[in-house]
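Take a look at the model below. We start with how its chains are arranged, then turn to a helix pair and a single residue.

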2 protein chains.
Amino acid sequence: MNDLHEMSSRARRSFTVLSVSSAKARNHALLHMAEVLKSREEEIFAANRADLDLAEKEGLSSPLLHRLKFGSEKMTQVISGLRSLADLPDPIGQTTLATEITEGLTLYRVICPIGVVGVIFESRPDALIQIASLCIKSGNAVLLKGGREALHTNQALISAVRQSLSETGLPEDSAQLLETREDVAAMLKEDELIDLIIPRGSNAFVRYIMDNSRIPVLGHSDGICHVYIDKDADADMAVRVAVDSKTQNVSVCNAMETLLVHAGVLKDIMPKIAAALEEKNVEIRGDREAASVICCKPAEEKDWSEEYLDYILSVRTVHSLQEAIEHINHYGSHHTDCIVTENSETAAAFLNAVDSAGVYWNVSTRFADGFVYGFGAEVGIATGKLHARGPMGLEGLTTYKYKLIGKGHTLAEMKSGERQYTHRSLPLTGGCPV
Amino acid sequence: MNDLHEMSSRARRSFTVLSVSSAKARNHALLHMAEVLKSREEEIFAANRADLDLAEKEGLSSPLLHRLKFGSEKMTQVISGLRSLADLPDPIGQTTLATEITEGLTLYRVICPIGVVGVIFESRPDALIQIASLCIKSGNAVLLKGGREALHTNQALISAVRQSLSETGLPEDSAQLLETREDVAAMLKEDELIDLIIPRGSNAFVRYIMDNSRIPVLGHSDGICHVYIDKDADADMAVRVAVDSKTQNVSVCNAMETLLVHAGVLKDIMPKIAAALEEKNVEIRGDREAASVICCKPAEEKDWSEEYLDYILSVRTVHSLQEAIEHINHYGSHHTDCIVTENSETAAAFLNAVDSAGVYWNVSTRFADGFVYGFGAEVGIATGKLHARGPMGLEGLTTYKYKLIGKGHTLAEMKSGERQYTHRSLPLTGGCPV
């Protein structure tokens with residue numbers, strides 16, 4: 001077991017260097033990382049083969065084996081991702097507010113990195129490079145914990161990351177690998193040294209993290225996404241959106257789990273959707289009204305709260321927009337929910353009242369993704385509402401500080417009326433002078 | 001004891017109405033609140049006299065009695081605060097990002113309220129109106145818990161708040177009062193219904209809240225603020241800033257608790273500061289080097305971590321800027337820290353490396369305040385780093401959602417190459433159409 005207090009302290013010290021490093025230095029480290037990974041690819045592939053052999057012996061399912069694989073195709077993607085990331089603008093240092101408080105006293109709000117971030121991710125080893133590189137680009141130190149079955153690959157990858165940091169003059173302890181569950185439990189205690197935990201996993205896992213740490217958590221948890229077919233929906237569009245949302249990839253958090261259909265179009269549209277889903281072998285669990293127009297299993301109360309991640313869909317009939325909104329806000333996971341309608345007033349009411357990170361009008365829920373949104377990579381999809389919401393890229397890894405610059409100003413002078421507040425907004429173009 | 005599940009559910013339902021109400025409706029409620037408070041002032045003052053009588057019998061100290069008092073002066077301030085708040089721009093509905101994802105598919109990021117917020121505040125009853133009005137202005141429902149000793153005043157005030165909501169057509173359960181510690185404990189369990197807790201109080205209190213809830217917490221806790229007198233400091237400015245930071249009000253979180261002095265100016269400047277502080281009856285606890293140039297008590301290790309909130313100051317000698325930064329990042333509470341120097345390079349290094357919400361150059365730490373910063377009122381001063389940092393006004397009470405508007409777009413079309421990502425930034429001026 002690793003000494004997490006020691007690792008967190010080293011991460012903290014690394015952050016103090018990384019946080020004041022130049023964008024050029026951080027981008028240089030990313031570009032060098034691409035080269036180091038390439039030059040060490042045989043070693044990385046060998047480590048991955050060891051993981052794959054072990055996983056096969058343990059009987060890992062074929063989709064999981066596929067996710068675990070890190071071969072030349074993944075290497076090419078990872079390297080191209082690093083180069084794109086180096087090209088993105090520096091997320092650090094922008095001035096987002098400038099106010100003259102009184103004569104000679106100016107307040108600036110300036111974007112800065114958060115500090116030390118702990119990220120717990122799934123079996124996909126390329127996630128290690130994506131997460132580490134997003135953290136380095138944004139000036140944060142990171143403690144990484146990947147899936148147990150990817151341990152050898154992750155060890156090879158973290159070694160390459162650390163080599164590229166130290167060879168470009170940045171502290172190698174800016175990125176460190178945790179190896180066991182006990183390491184994770186110990187990390188959760190380091191609330192004096194770690195600023196943020198990003199757990200990617202099930203609701204139960206995110207809850208475990210929240211229950212066992214004082215460190216703020218940006219959870220990436222279940223997606224119980226809905227598509228609501230409104231009474232003013234176009235039938236063809238309803239079928240397209242429902243089928244893509246449910247079947248384009250059933251095992252991901254932005255796939256639809258429950259379809260809500262307005263009673264007014266149930267008879268017209270539901271059989272068409274059911275027929276299209278049947279072709280994809282989707283099992284439908286419907287309420288009584290749905291069962292009167294299509295052939296399906298009966299839905300139970302618990303179906304409304306279940307993330308199937310499978311070829312299963314629950315269907316519920318609603319009698320108003322309000323009923324659809326209430327169902328989604330009550331049973332949903334505030335991830336991504338869609339309305340299909342031709343009526344823009346109804347769409348506006350839905351988009352404003354549904355309390356989710358993504359609210360879609362006539363679009364498949366599968367679009368909820370950092371790359372799709374144009375953020376480059378993502379460190380997770382936040383299902384909470386604070387700090388960052390939805391797909392979380394570089395911006396979610398930043399915070400700000402207030403820089404106040406004066407000439408010996410005292411509050412006593414303000415209170416006595418010797419000086420007056422001006423509270424004058426200044427142009428942001430010049431930024432903060434220091 | 002109140003039924004907190006029932007109260008939280010009512011707050012949630014109120015939020016669904018409040019979150020889609022117009023800025024006009026919310027501002028109207030604030031202006032009407034000013035009138036209702038005025039018309040019910042006799043009742044409110046009587047309730048406050050009852051609290052004051054009880055508090056006097058219980059032997060509350062005179063500064064605490066002063067904070068508890070809600071008379072015509074406070075009423076005037078509160079009413080004027082409500083009118084200023086109604087005048088501020090609506091914090092809700094702005095579009096902060098607009099991107100064409102592919103032809104006919106547009107992503108908008110739109111500011112929206114958070115939901116249900118729980119705020120626990122100290123004895124000052126005017127805080128109830130400030131917090132409730134900030135929440136209503138930003139479209140959030142709020143559960144309020146004030147100090148035990150202000151209970152009668154708070155009951156009278158919340159009744160006026162609720163009257164003004166219902167008389168202007170907004171749900172009165174948008175603002176509800178908790179009355180006991182048991183109510184607070186019960187509120188912490190309602191993580192399905194409450195989105196954010198803002199506890200104002202000691203570190204120990206904020207930790208208690210964090211340890212007993214899964215609800216995200218924006219803590220407003222201790223301030224261990226520092227002033228660092230650099231080797232290039234102007235002596236007069238050093239004295240001004242140190243004296244104001246320590247003595248303008250000793251019992252507040254943004255008062256200085258530790259003074260760091262560069263060894264190079266210790267002999268020159270420290271005796272001047274000590275003389276000025278002596279006039280204000282400040283007890284100095286210095287390290288060995290400080291004790292060689294001024295008369296003081298010896299500082300112990302525990303002094304560096306203590307928030308005195310009193311006429312006491314610890315003084316430590318440092319031998320470099322780096323040592324000052326390390327001391328502050330290690331012992332400080334990341335609230336507000338100041339450097340006094342004439343050297344702009346040194347100032348820049350300090351402001352960038354000190355990991356605090358406020359980093360000041362030649363300014364008293366007492367300026368860390370939402371009103372001073374020009375935010376109108378504040379709901380608290382966040383000492384964490386996520387979501388909001390430092391004085392937290394309306395902006396801290398908002399989040400955003402992504403609205404994605406298409407024409408039946410499917411991810412399958414994107415994956416097949418039938419459609420291409422354009423990721424084109426659009427002007428924000430038009431906002432989101434729905």
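Chain A superposes on chain B by a rotation of 180 degrees with 0.0 Å of shift along the axis, at an RMSD of 0.0 Å. The fit is by least squares on C-alpha atoms of residues with pLDDT of at least 70 in both copies. The two copies are thus related as by a two-fold rotation axis. In chain A, the residue closest to that axis is His387(A), with its C-alpha at 1.9 Å. The copies meet through the same surface, because 100% of the interface residues of chain A are also interface residues in chain B.

This is a predicted model: local features need pLDDT of at least 70, side-chain atom pairs count only at pLDDT 80 or more, and totals for chains, interfaces and linings use all residues. Residues are numbered from 1 along each chain as its sequence is written, chains are lettered from A and ligands numbered from 1 in the order written, and side-chain values use heavy atoms, without hydrogens and water.

Now go to chain B. Helices H2 (residues 23-39) and H7 (residues 151-167) pack at about 135 degrees, with axes 8 Å apart. H2(B) and H7(B) are therefore oblique to each other (neither under 35 degrees, over 145, nor 65 to 115). Contact means heavy atoms within 4.5 Å. On the H2(B) side, the residues that meet H7(B) include Met33(B) and Leu37(B).

Finally, find Thr99(A) in strand E1 (residues 95-102) of chain A. Thr99(A) counts as buried because its relative accessibility is 9% (buried means under 20%, with a 1.4 Å probe and protein chains only). Among its contacts beyond four places in sequence are Leu105(A), His423(A) and Arg424(A).

How values were computed. Helices (H or I, at least four residues) and strands (E, at least two) are DSSP runs, numbered from the N terminus. Buried means under 20% relative accessible area, exposed over 50%, partly exposed in between (1.4 Å probe, protein chains only). Axes are lines fitted to C-alpha atoms, for helices over the stretch in contact, and angles run from 0 to 180 degrees between N-to-C directions.
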